[in-house]
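Trainee: Got a minute to walk through a structure with me? I'd like to start with the empty spaces inside.
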Amino acid sequence: MPQPIDVGSILGGRYKVTGRILASAENDVILDGLDQVLNRPVSILVSAVENTANLTQSARDVATGTRLSNVSILDFGVQDDATYLIAARTSSADLLDLVVPTEPQEDVYQEPFFTDTLGTEIFGTARDAAPAGGAYVYDDNSPLTPAHPLPKVVHDAPHLAPPPMPTKAPATPKTTPGAAVVPPVAPASQAAPTPQAEPEAPASKVTLWDEEDYGFINEDSQQEAADARRPGTFPAEFLSASDAYGQDGAPSEPDDDLEEDDGNAPRSGGRWLTGAIVGVLLIGALIFAVQHISGLFNAGENQAGTTTSAPASPQASDKPAATDAPPPPAVVAPVITGLTDITVFAPGVQNYAETFFPRLKDAIDGNKGTYWPTVEYSNADFAGLNDGINLVVALKEESTIGSVSISQLAGTGGQFNILTNSVPELQGATKIGSGSFSAPDFTLTAAAGVKAKYVIINFTQLPKLQPFVTYPYGLKITEISIK
């Protein structure tokens, strides 16, 4: 049954079908697509009607992690009675695996939801099929069913005996000297305390002073403190430490011997020597200046005597003559008129590139949703079929080349040169730059002043494609623009 989804269709409002990869024997179709929101390439799997249920179940299993797969699912939906799956770029084999029904799993023993019989299996007995219905039995062989829970434990306050009430000791009867002392009889409920003799206080070894003994000390100290606090009185401890005052606090007489400090006196000899040196330098500088100024005057007089003034030209003008600067070169914006593949295959090898000549216009139509593909190769060096792939971009007229941009799908690596020429061929072309694919878009900024009628893109190595149909090396150019 033909599928209603084909190249140019829009799925889910954002995924545009850009190419058809293959169709399986059961009519499952794998397509190339472009996520127009995020501008990234995607793979699209459209299942046959009889495989719709298998694709739906597989997509759920992959999304929940139940099924292992290399496919990264981005979207899933139904359009025009056809079920489609959007995934990141991947191989066709991994996508077709999703429409194959999974094998039924063998019956695997599932652990029961309860765990109260785990002990029986630990000790070698088979696990019970259902929870035990009997009561729980504890170490003291007392069964307890869920219907009869343990009674609540109430922590009662401990029964403490009241503290004994203090009893008044009986009065000791007065005894006469020489009479025996009889201890009082204690009640039967109380034990008779053992009489202990109180220790005698040791004799004091320090003689205490009376207040009169401190009188002379307090009076003297108070008088000294009052004298020290009188205004105009300098502390005695500082007066005694100073040599300028006597013992009574009066200034001492100056000592003539101490007035003369020869060690700290300024040295006048060094100053005289410094002044003499400065004076000599000033005199020498003055003599040199006089001689130099007199020489200048003499030279001016000699030059004045030999110089003759030429008559001013009547045509001379105070304004300098303006130089005529050449006008800047005109900038001609490039306009692309066509794209040609001039790849030459090895002798005796069929030119497989002719198959994709009708799609060359898709690389210059201004729409990144369409692309021009090449033959897929087994290695990056074109598998020995040709030396390179050459594309010639024809411009309307000789134009100023400012930048060249190349956009591609699913390619990484490779190597290419960008050249300019006045004729559509490699011979005599001038190289203006080179590059490699590390992202979907590549832009080369040309040097100033580059003009050309043709821009040639010479691919010397192929990028690696992911995904691919047969071989992993090739080109999928979505857009070429020149500014």
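Trainee: Okay, which residues line the second largest cavity?

Mentor: Going round it, you have Asp341, Thr343, Phe345, Ala353, Phe356, Trp372, Pro373, Thr374, Val375, Tyr377 and Ile389. Keep in mind that this is a predicted model.

Trainee: How do those divide into nonpolar, polar and charged?

Mentor: The lining of the second largest cavity has 8 nonpolar residues, 2 polar and 1 charged.

Trainee: And what volume are we talking about for the second largest cavity?

Mentor: About 50 Å³ of space.

Trainee: How many cavities of 30 Å³ or more are there?

Mentor: The count is 2. The largest cavity comes in at about 70 Å³.

Trainee: What lines the largest cavity?

Mentor: Its lining takes in Ile21, Ile30, Leu31, Asp32, Ser43 and Thr90, along with Ser92, Glu376, Pro467, Phe468, Val469 and Lys476. By class, that lining splits into 6 nonpolar, 3 polar and 3 charged residues.

Trainee: Which element gives the most to the lining of the largest cavity?

Mentor: That's β3, with 3 residues.

Trainee: Let's go to pockets. What's the volume of the second largest pocket?

Mentor: About 290 Å³. The second largest pocket has 15 lining residues, and the ones nearest its centre are Phe356, Pro373, Thr374, Glu376 and Val469.

Trainee: I've seen some of those names already.

Mentor: You have. Phe356, Pro373 and Thr374 also line the second largest cavity, while Glu376 and Val469 are in the lining of the largest cavity.

Trainee: Which strand gives the most to the lining of the second largest pocket?

Mentor: Strand β2, residues 15-23, gives 3 residues. As for the classes, the lining of the second largest pocket has 8 nonpolar, 2 polar and 5 charged residues.

Trainee: Switching to electrostatics. How many salt bridges does the count come to?

Mentor: There are 6. One of them pairs Asp32 with Arg89, with the closest N and O atoms 3.3 Å apart. That pair ties together distant parts of the chain, 57 residues apart: Asp32 sits in strand β3 (residues 29-35), and Arg89 is in the loop between β6 (82-88) and α2 (92-96).

Trainee: Are Asp32 and Arg89 buried or exposed?

Mentor: Both are buried. Asp32 also turns up in the lining of the largest cavity.

Trainee: What does Arg40 pair with in a salt bridge?

Mentor: Asp35, at 3.5 Å from N to O. Arg40 is partly exposed, with a relative accessible area of 32%, whereas Asp35 is buried at 0%.

Trainee: Which residues are linked with Asp35 in a network of salt bridges?

Mentor: Arg14 and Arg40 are linked with Asp35 in that network.

Trainee: Next up, what about Lys361 and Asp362, how far apart are the closest N and O atoms?

Mentor: They're 3.5 Å apart, and the two residues form a salt bridge.

Trainee: Why does Lys361 count as exposed?

Mentor: Because its relative accessibility is 54%, and exposed means over 50%. Asp362 is buried, with a relative accessible area of 14%.

Trainee: New topic: Arg67. Where is that one?

Mentor: Arg67 is in the loop between α1 (52-64) and β5 (73-79).

Trainee: Is Arg67 buried or exposed?

Mentor: Buried, because a relative accessible area of 19% falls under the 20% cut-off. From Arg67 to Leu98 there are 31 residues along the chain, and their C-alpha atoms are separated by 10.0 Å.

Trainee: Where does Lys431 sit?

Mentor: Lys431 is in strand β14, residues 430-437. Setting aside its neighbours within four places in sequence, Lys431 is in contact with Asn417, Ile418 and Leu419. The C-alpha atoms of Lys431 and Val455 are 9.8 Å apart, with those positions 24 residues apart in sequence terms.

Trainee: Last thing, the whole chain. How many helices and strands does it have?

Mentor: The chain has 7 helices and 18 strands. Of its 483 residues, 27% are buried.

Trainee: What share of the contacts with a separation of 6 or more comes from residues 24 or more positions apart?

Mentor: That share is 62%.

Trainee: And what area does the chain expose?

Mentor: About 34,900 Å², with carbon and sulfur atoms supplying 57% of it.

Notes:
Residues are numbered from 1 along each chain as its sequence is written. This is a predicted model: local features need pLDDT of at least 70, side-chain atom pairs count only at pLDDT 80 or more; totals for chains, interfaces and linings use all residues. Side-chain values use heavy atoms; hydrogens and water are left out. A salt bridge is a side-chain nitrogen of Lys or Arg within 4 Å of a carboxyl oxygen of Asp or Glu. Helices (H or I, at least four residues) and strands (E, at least two) are DSSP runs, numbered from the N terminus. Buried means under 20% relative accessible area, exposed over 50%, partly exposed in between (1.4 Å probe, protein chains only). On a 1 Å grid over the protein atoms alone, a cavity is a set of points where a 1.4 Å probe fits but cannot get out, and a pocket is an open set with protein on both sides within 12 Å along at least five of seven lines; lining residues have an atom within 4 Å of a point. Grid points are joined across faces, edges and corners, and a volume is the space filled by probe spheres set on the points. Ala, Val, Leu, Ile, Met, Phe, Trp, Tyr, Cys and Pro count as nonpolar, Asp, Glu, Lys and Arg as charged, and the others, Gly among them, as polar. Contact means heavy atoms within 4.5 Å. Accessible areas come from the Shrake-Rupley method with a 1.4 Å probe; for residues, only the protein chains shown count as cover.
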